[in-house]
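Reader: Please take a close look at one part of this model and show me how it fits into the rest. Short sentences suit me best.

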Amino acid sequence: MEAINNSENTPVVSKNPLTHTIKREELTGNDEKLNSIFDRYDLPNENGVRDGVLSGDEIDLATQELSGIFFFSSPRKAETKAKLEELADPKSVKDFVQNFSDLISKKVFLNGSVSASAQSPKHGDCWLLAGINSLSYTANGRQIIKDSIKADDKGNITVELKGVGRSYTFSSEDVLKRDDFVDGDHDMAVLEMAFEEYRKDLVEENKKDPDKDYYTGSAKKNDWLNAGYPEDAIFVLTGKRSQVYTNKPGSYAIPEAIERALTKDNVKEYLDEMENNSDRYAVNCALNTKSYYKGHCYTVKAVRGDKVILVNPYDSGKEIEETRENFLKALVDFSLTDMGAPIEKPTQKEKEEQEPAKCQ
């Protein structure tokens, strides 16, 4: 994770009214040492003035960095601590992180975007997190995520699943009492909650009318989100259909989410295209080598020269570099959604395509 330098080239952010705020004294008690860390995240407004309040993108930024200490892997933890200890002594860093962790466990912080998060071991929903992460790396995808999450002045949060014309509303209390979803980002957590309710609805509708046969992965009572496809997550949230390559034969479970099948040569071409237009394509994959989890979804964040940049939903704040050659050798499934293209309605003709592995 890149360091934030408040002394030069400091990004300017606007305050997002959807988000709860954290006041300086609430987090630091006006302790001078803690204030120095607070200033790292209290970014200046249009006039270059810090207002002593964290909200919106500032909280998102703090969460991404501080999450490296309270739930990510050891290398990330050491890296983040070293950055903060340039500003304050180790005890002050520990106090600040603890105060921040306590505060975000008591309020729902939404800013209409997804940030670094860690998949909960209680859900097999890497397919969902990967799908949403891939959207967040595109301009139109980020806007769709922002538009899909709305909060009112009473603390109720509504998630719209545009692709299927359904919406689900939760209270702030509903969100806070659920500790079984992702760590690090309430926006991602409320999306998980909405997809969980959607899966429940589909299971019940299948029971009432077996002819419907809605796709529900391997949903079960203790994990309604278990197993699925990232292209399904993208379709449900956006209505956009994906192009898919797979080396596994079989009939595809959710033809309404698929535009066309890809060949290995198509994948090579799209990697070239992504190098110049990474902000346009939402791309996910499954890989089969000892370096990657079998049956697990990864997001292709970008292509930089000979390197394919991957993100694992187990720790979406960390980038993984793989050479193009090794990526193509290990590739099992590849799905690409063109977020720059207009939304097309699915045809009535069901396509017999190859079936990507269900991700867990």
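**From the surface to the core**

Author: The protein has an accessible surface of about 16800 Å², and carbon and sulfur atoms hold 45% of it. Areas here follow the Shrake-Rupley method with a 1.4 Å probe, and for residues only the protein chains shown count as cover. This is a predicted model: local features need pLDDT of at least 70, side-chain atom pairs count only at pLDDT 80 or more, and totals for chains, interfaces and linings use all residues. Numbering starts from 1 along each chain as its sequence is written, and side-chain values use heavy atoms, with hydrogens and water left out.

There are 12 helices and 12 strands in the protein. These are DSSP runs, numbered from the N terminus: helices are H or I with at least four residues, strands are E with at least two. Of the 360 residues, 52% are buried. Buried means under 20% relative accessible area, exposed over 50%, and partly exposed in between, with a 1.4 Å probe and protein chains only. Take the contacts with a separation of 6 or more: residues 24 or more positions apart account for 68% of them. A contact needs heavy atoms within 4.5 Å.

Now the core. A nonpolar core is a set of buried Ala, Val, Leu, Ile, Met, Phe, Trp, Tyr and Cys residues, joined through side-chain atoms within 4.5 Å. The largest one has 38 residues. Ile132, Ile145, Leu161, Leu191, Phe195 and Leu237 touch the most other members. Six elements give two or more residues each: helices H6 (126–136), H7 (139–148), H9 (186–208) and H10, and strands E4 (157–161) and E5 (166–170). H9 supplies the largest share, nine residues. A second core lies apart from this one. That other core has 22 residues, among them Tyr292, Phe327, Leu331 and Leu336.

Leucine 191 makes a good entry point. Leaving out residues up to four places away in sequence, leucine 191 touches Val114, Ile132, Ile145, Ser148, Ile149, Val159 and Leu237. Two of these lead to the parts below: Val159 and Leu237.

Follow Val159 into E4. Ile157, Val159 and Leu161 point to one face of E4 and are buried. Thr158 and Glu160 point to the other face and are not buried. That fits a general rule: in a regular strand the side chains alternate between the two faces of the sheet.

E4 has a partner on each of two sides of the sequence. Before it comes strand E3 (residues 149–151), which pairs with E4 in the antiparallel sense over three bridges. Strands count as paired if DSSP finds at least two bridges between them. Isoleucine 149 stands opposite valine 159. Five residues separate E3 and E4 in their hairpin, and glycine 155 there takes a positive phi near 90 degrees.

E4 and E5 also run antiparallel, joined by five bridges. Threonine 158 stands opposite threonine 169 in E5. Valine 159 has tyrosine 168 as its bridge partner in E5. This hairpin has four residues between its strands, and glycine 165 in the turn has a positive phi of about 65 degrees.

Serine 171 sits in the loop between E5 and helix H8 (172–176). Its relative accessible area is 17%, so serine 171 counts as buried. Beyond residues up to four places away in sequence, serine 171 touches Gly155 and Asn156. Gly155 is the glycine of the E3–E4 hairpin.

Now follow Leu237 into H10. H10 covers residues 230–238, and nine of its nine residues are buried. Polar ones are among them, including Glu231, Asp232 and Thr238. Threonine 238 is at 1% relative accessibility and therefore buried. Its side chain has a polar atom 2.7 Å from the backbone oxygen of isoleucine 234. A polar atom of that side chain also lies 2.9 Å from the backbone nitrogen of lysine 240. Just after H10, glycine 239 takes a positive phi of about 85 degrees.

Last, the cysteines. With a disulfide taken as two cysteine sulfur atoms within 2.5 Å, the count is zero. Cysteine 126 is in none; the nearest cysteine sulfur, in cysteine 297, is 4.0 Å away. Cysteine 126 is buried, at 0% relative accessibility. For cysteine 285, the closest cysteine sulfur is also that of cysteine 297, at 8.3 Å, too far for a bond. Cysteine 285 is buried too, at 5% relative accessibility.

Key:
Polar contact = N/O pair within 3.5 Å; in protein donor to acceptor, adjacent residues only side chain to side chain.
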